[in-house]
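Open the model in your viewer and keep the selection panel at hand. The tour goes stop by stop.

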Amino acid sequence: MGIAWGECVIIDLPDLDGVQIVWHPAYAAHLLIDSWPVDHGRAYGAAINACAEGTRTGEHARIAFIAAINEAEVEMLA
């Protein structure tokens with residue numbers, strides 16, 4: 001699953017029950033691919049690459065994931 005992020009990201013995706021607490025790039029990639037409300041956008045593509053490849057630092061993947069959250073206007077709780 002990779003190295004856990006130092007700080008989790010908590011989001012509310014409309015198609016899933018309850019909030020999602022994301023600690024790992026692999027789980028972020030899973031959400032982006034399987035449950036994301038949009039399947040396009042510059043930040044979306046960059047986040048998939050950063051989270052799924054595992055070649056970037058954990059913090060880089062977290063920042064990319066947050067950019068995708070903002071781009072898709074997903075509610076971020078923390």
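Where in the protein chain is confidence lowest, and where is it highest? Colour by pLDDT to see: the lowest mean is in α2, at 93, and the highest is in β1, at 98. This is a predicted model. Its protein chain has a mean pLDDT of 91, and 94% of the residues reach 70 or more.

**Stop 1: the whole chain**

Switch to cartoon. You should find three helices and three strands in the protein chain. Trace them along the sequence, and the pattern reads β-β-α-α-α-β.

Now look at the overall dimensions. The C-alpha trace spans about 30 × 25 × 20 Å along its principal axes. The radius of gyration is 11 Å, which agrees with the value near 12 Å for a compact globule of 78 residues.

Turn on the surface. The accessible area of the protein chain is about 4600 Å², and carbon and sulfur atoms account for 53% of that. Buried residues make up 40% of the 78 residues. Take contacts between residues at least 6 apart in sequence: 46% of them join residues at least 24 apart.

**Stop 2: the aromatic cluster**

Hide the surface. Select Trp 5, Trp 36 and Phe 65, and show their side chains. These residues form one aromatic cluster. The structure holds two aromatic pairs.

Start with Trp 5 and Phe 65. Their ring centres are 6.0 Å apart and their planes meet at 40 degrees, so this pair is tilted. Trp 5 is in the segment before β1 (9–12), while Phe 65 is in helix α3 (residues 58–72). The two are 60 residues apart, so the pair links distant parts of the chain.

How accessible are these rings' residues? Trp 5 has 4% relative accessibility and counts as buried. Phe 65 is buried too, with a relative accessible area of 0%.

Move on to Trp 36 and Phe 65. This aromatic pair is also tilted, with 5.6 Å from centre to centre and 45 degrees between the planes. Trp 36 sits in the loop between α1 (25–34) and α2 (42–53), 29 residues from Phe 65 in helix α3. Trp 36 is buried, at a relative accessible area of 9%.

**Stop 3: the salt bridge**

Keep α3 in view and select Arg 62 with Glu 7. The count of salt bridges comes to one. Arg 62 forms it with Glu 7, and the closest N and O atoms are 3.9 Å apart. Arg 62 lies in helix α3 and Glu 7 in the segment before β1, so the pair ties together parts that are 55 residues apart in sequence.

Buried or exposed: which word fits Arg 62, and which fits Glu 7? Arg 62 counts as buried, at 10% relative accessibility. Glu 7 counts as exposed, at 51%.

**Stop 4: Val 9 in β1**

Select Val 9, which is found in strand β1. Val 9 is buried, with a relative accessible area of 0%. Draw a distance from its C-alpha atom to that of Arg 62: the separation is 8.1 Å, for residues 53 apart along the chain.

Now expand the selection to the residues Val 9 touches, leaving out those up to four places away in sequence. Gln 20, Ile 21 and Val 22 are among them. Arg 62 and Phe 65, met at earlier stops, are included as well. The list also takes in Ile 66, Ile 69, Met 76 and Ala 78.

**Stop 5: Ala 64 in α3**

Go back to helix α3 and pick Ala 64. Ala 64 is buried, with a relative accessible area of 11%. Which residues does Ala 64 touch, not counting those up to four places away in sequence? They are Ala 43, Ala 46, Ala 47 and Ala 50. Add Pro 25 to the view: the C-alpha atoms of Ala 64 and Pro 25 are separated by 9.9 Å, with their positions 39 residues apart along the chain.

**Stop 6: a positive phi**

Finish at Glu 73, in the loop between α3 and β3 (75–76). Check its backbone. Most residues other than glycine have a negative phi. Phi of Glu 73 is near 55 degrees, a positive value in a residue other than glycine. Glu 73 counts as exposed, at 71% relative accessibility.

Terms used. Residues are numbered from 1 along each chain as its sequence is written. This is a predicted model: local features need pLDDT of at least 70, side-chain atom pairs count only at pLDDT 80 or more; totals for chains, interfaces and linings use all residues. Side-chain values use heavy atoms; hydrogens and water are left out. Rings of Phe, Tyr and Trp (its six-membered ring) pair if their centres lie within 6.5 Å; planes under 30 degrees apart count as stacked, over 60 as edge-to-face and the rest as tilted. Helices (H or I, at least four residues) and strands (E, at least two) are DSSP runs, numbered from the N terminus. Buried means under 20% relative accessible area, exposed over 50%, partly exposed in between (1.4 Å probe, protein chains only). The radius of gyration is taken over C-alpha atoms; the globule rule is 2.2 Å times the number of residues to the power 0.38. Contact means heavy atoms within 4.5 Å. Accessible areas come from the Shrake-Rupley method with a 1.4 Å probe; for residues, only the protein chains shown count as cover. pLDDT is the predictor's confidence in each residue, from 0 to 100. A salt bridge is a side-chain nitrogen of Lys or Arg within 4 Å of a carboxyl oxygen of Asp or Glu.
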